[in-house]
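I am opening a new notebook on this structure. These entries record what I looked up, topic by topic.

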Amino acid sequence: MNIKERIYYSSSPQVQNFLVSLAGKMQFPKRYRNLDSKLIEINEINSLSEREKRDYQNKKIEKSIRFCGNNIPFYQRLFADYGISHTQISSKTDLKKIPLLSKRTVIDNIDNLINPSAKNYITQKTSGTTGTPFTIHMNRDTYELAMALLVYHEMQHGVEFGARRATFAGRLIKNYSDNNSPFFRFNKSENQAIFSTYHLSNKTLDHYDSELEALNPEELIGYPSAIYNLATLYSENNKTPSFKPKTIITNSETLFSWQRSVIEKVFSCTIYDYYGTAEYILFAGQNKNLSYIVNPILGIHEIIDEQGLDSVSGQIIGTTLTNTVMPLIRYEIGDTADGCDNFSITNITGRLDDQIHTPDGRRIGRTGEIFGFFENIKEAQIIQHRTDYCEVLIVRTSESEVFPKNKILEKLHLKFGNEISFNIKFVKGIERSKNGKFKAVKSHILGKENGL
């Protein structure tokens, strides 16, 4: 714990509110200085026909690849090694000439991926899926666009910029041991109440409910697993929320159908999930039909199968169209999707490490649907130790009810085959990652294969 964290956690809630608001005030101009012009830009692009969007992106591709060939040392060497003429790439189809870019390659070549003449750029760090530190550098335009795309998504679903919202994510805004209310800290600059997801329990639910009632947020936003935990507490206690949000926005994790059904039933409003990458390459928000609409302004996506061929189901590949500081071309984001076309995705099916690896070499995702059949399962996680052995951790809603263990095993074997042995274990809770995210699958296989 550094000195800033020591000061924060040893301070009173009033001082912590001041510090959170101060940090928000410092971030606000960095995020929203040009918000109005960015929203106009986004709206203009969204108003184009599909053909016009493709033409727009092709022009951006041509400009971006020429820029990389003239300014970025990594790509200058890559194009030379593969005999690629950067002046002859002018469309999404032409991008196929460029090899895929892995996270490991980025980490190993980060100095050569940065534009040597770039100045005053923004740097952010992310741990990524495997916990491997990863740094992304970007120009301010890219960062402001990403912030504006979220605001635009919220506005599309009835929440104006500056409306009060309650955030349930992975931030530790008070000490673990402090079980006294209040359970949120307030960021005045963004009219945002940041709630602790680490103190939610049957004992604290009434405090959370009264605090949310007093705040009366128009929007709940955060991790699906965190908002789901709040919803299940209301449900288990036969309690109706004392506030009524206009909409719920989820992000950062796969939103499972069983989570959606519980959350929407408890709060009586629709969830509009969005997908954004830590590398600021793609943004896709769910529309009224719950399809993910990929915004064409930030980057281009491809979906490829295990042979690297175009597919409607497979790995998501992203190419930036805006970041001139550290451009990533045909980057393996690490997520998978189903039902894709040029500008929409039916389902974001999770990360590569959200998939089970079978002994015969297959990778199978969407594990959450198995547990949605059983009302007595609060949440579940599969931990894969070997291709032929997995642990299944299950948190039950009631320990007194007879549990259909054999039926779950039957569904697991039906989906993943009989060559994998599943060991079901009942637990009180499932550990979150360091940033508070819930993982449906914890794989001890993928990281070893990639050397991460």
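**Entry 1: the cores**

Which residues touch the most other members of the largest nonpolar core? I found Tyr75 and Ile98, in a core of 62 residues. I note here that the model is a predicted one. Helix 8 (residues 140–156) gives this core its largest share, nine residues.

I then looked up the contacts of Tyr75. I set aside its neighbours within four places in sequence. What remains is Cys68, Leu101, Leu113, Pro327, Leu328 and Ile329.

I also found a second core, separate and made of 38 residues. Phe195, Leu230, Ile248 and Ala440 are among its members.

**Entry 2: the open sheet**

In what order do the strands of the five-stranded open sheet lie? I read 4-5-3-6-7, and the pairing is mixed. Strand 4 (184–187) and strand 7 are the edges, as each pairs on one side only. On average, neighbouring strands here are turned by 20° against each other, direction ignored.

I checked one pair inside the sheet. Strand 3 (residues 165–168) and strand 6 (residues 219–222) run parallel, joined by four bridges. In this pair, Arg165 stands opposite Glu219 of strand 6.

Next I looked at what lies across the sheet. Helix 8 crosses strand 3, strand 6 and strand 7. Its angle to strand 6 is about 140°. This is the helix that gives nine residues to the largest core.

**Entry 3: helix 10**

How many of the 13 residues of helix 10 are buried? I got 11, so the helix is largely enclosed by the rest of the structure. The buried ones are Pro224, Ser225, Ala226, Ile227, Tyr228, Asn229, Leu230, Ala231, Thr232, Leu233 and Tyr234. One of these, Leu230, I had already met in the second core.

I asked what covers these buried residues. The cover includes strand 3, helix 9, strand 6, strand 7, helix 11 (257–267) and strand 17 (377–386).

I also checked the length of the helix. At 1.5 Å a residue, helix 10 should span 18 Å. Its end C-alpha atoms are 18 Å apart, so the two values agree.

Just after helix 10 comes Asn238, with a positive phi of about 50°.

**Entry 4: salt bridges**

How many salt bridges does the count give? I noted 20. I followed three of them.

The first pair I took was Lys96 and Glu302, with the closest N and O atoms 2.6 Å apart. The two are 206 residues apart in the chain. Lys96 sits in the loop between helix 5 (73–81) and helix 6 (103–108), and Glu302 in strand 11 (residues 299–304). Is each partner buried or partly exposed? Lys96 is partly exposed, at a relative accessible area of 34%. Glu302 has 3% relative accessibility and counts as buried, because the cut-off for buried is under 20%.

Glu302 also meets Arg330 in a salt bridge, at 2.9 Å from N to O. Arg330 lies in the loop between strand 12 (313–320) and strand 13 (331–340), 28 residues from Glu302. Both Glu302 and Arg330 are buried. Through shared partners, salt bridges join Lys96, Glu302, Asp310 and Arg330 into one network.

My third pair was Asp206 and Lys239, with an N to O distance of 3.5 Å. Asp206 belongs to helix 9 (residues 205–215). Lys239 is 33 residues away, in the loop between helix 10 (224–236) and strand 7 (247–250). Lys239 is partly exposed, with a relative accessible area of 28%.

**Entry 5: backbone oddities**

Why did I look for these? Most residues other than glycine have a negative phi, and most peptide bonds are trans.

Which two residues does a cis peptide bond join? They are Ser181 and Pro182, with omega at about 5°. Pro182 is in the loop between strand 3 and strand 4.

Asn191 is not a glycine, yet its phi is positive, about 50°. I placed Asn191 in the loop between strand 4 and strand 5 (192–195).

Ser252 is not a glycine either, and its phi is positive at about 75°. Ser252 lies in the loop between strand 7 and helix 11. With 42% relative accessibility, Ser252 counts as partly exposed.

Methods. Residues are numbered from 1 along each chain as its sequence is written. This is a predicted model: local features need pLDDT of at least 70, side-chain atom pairs count only at pLDDT 80 or more; totals for chains, interfaces and linings use all residues. Side-chain values use heavy atoms; hydrogens and water are left out. A salt bridge is a side-chain nitrogen of Lys or Arg within 4 Å of a carboxyl oxygen of Asp or Glu. Buried means under 20% relative accessible area, exposed over 50%, partly exposed in between (1.4 Å probe, protein chains only). A nonpolar core is a set of buried Ala, Val, Leu, Ile, Met, Phe, Trp, Tyr and Cys residues joined through side-chain atoms within 4.5 Å. Contact means heavy atoms within 4.5 Å. Two strands pair if DSSP finds at least two bridges between them. Axes are lines fitted to C-alpha atoms, for helices over the stretch in contact, and angles run from 0 to 180 degrees between N-to-C directions. The expected span of a helix is 1.5 Å times one less than its number of residues.
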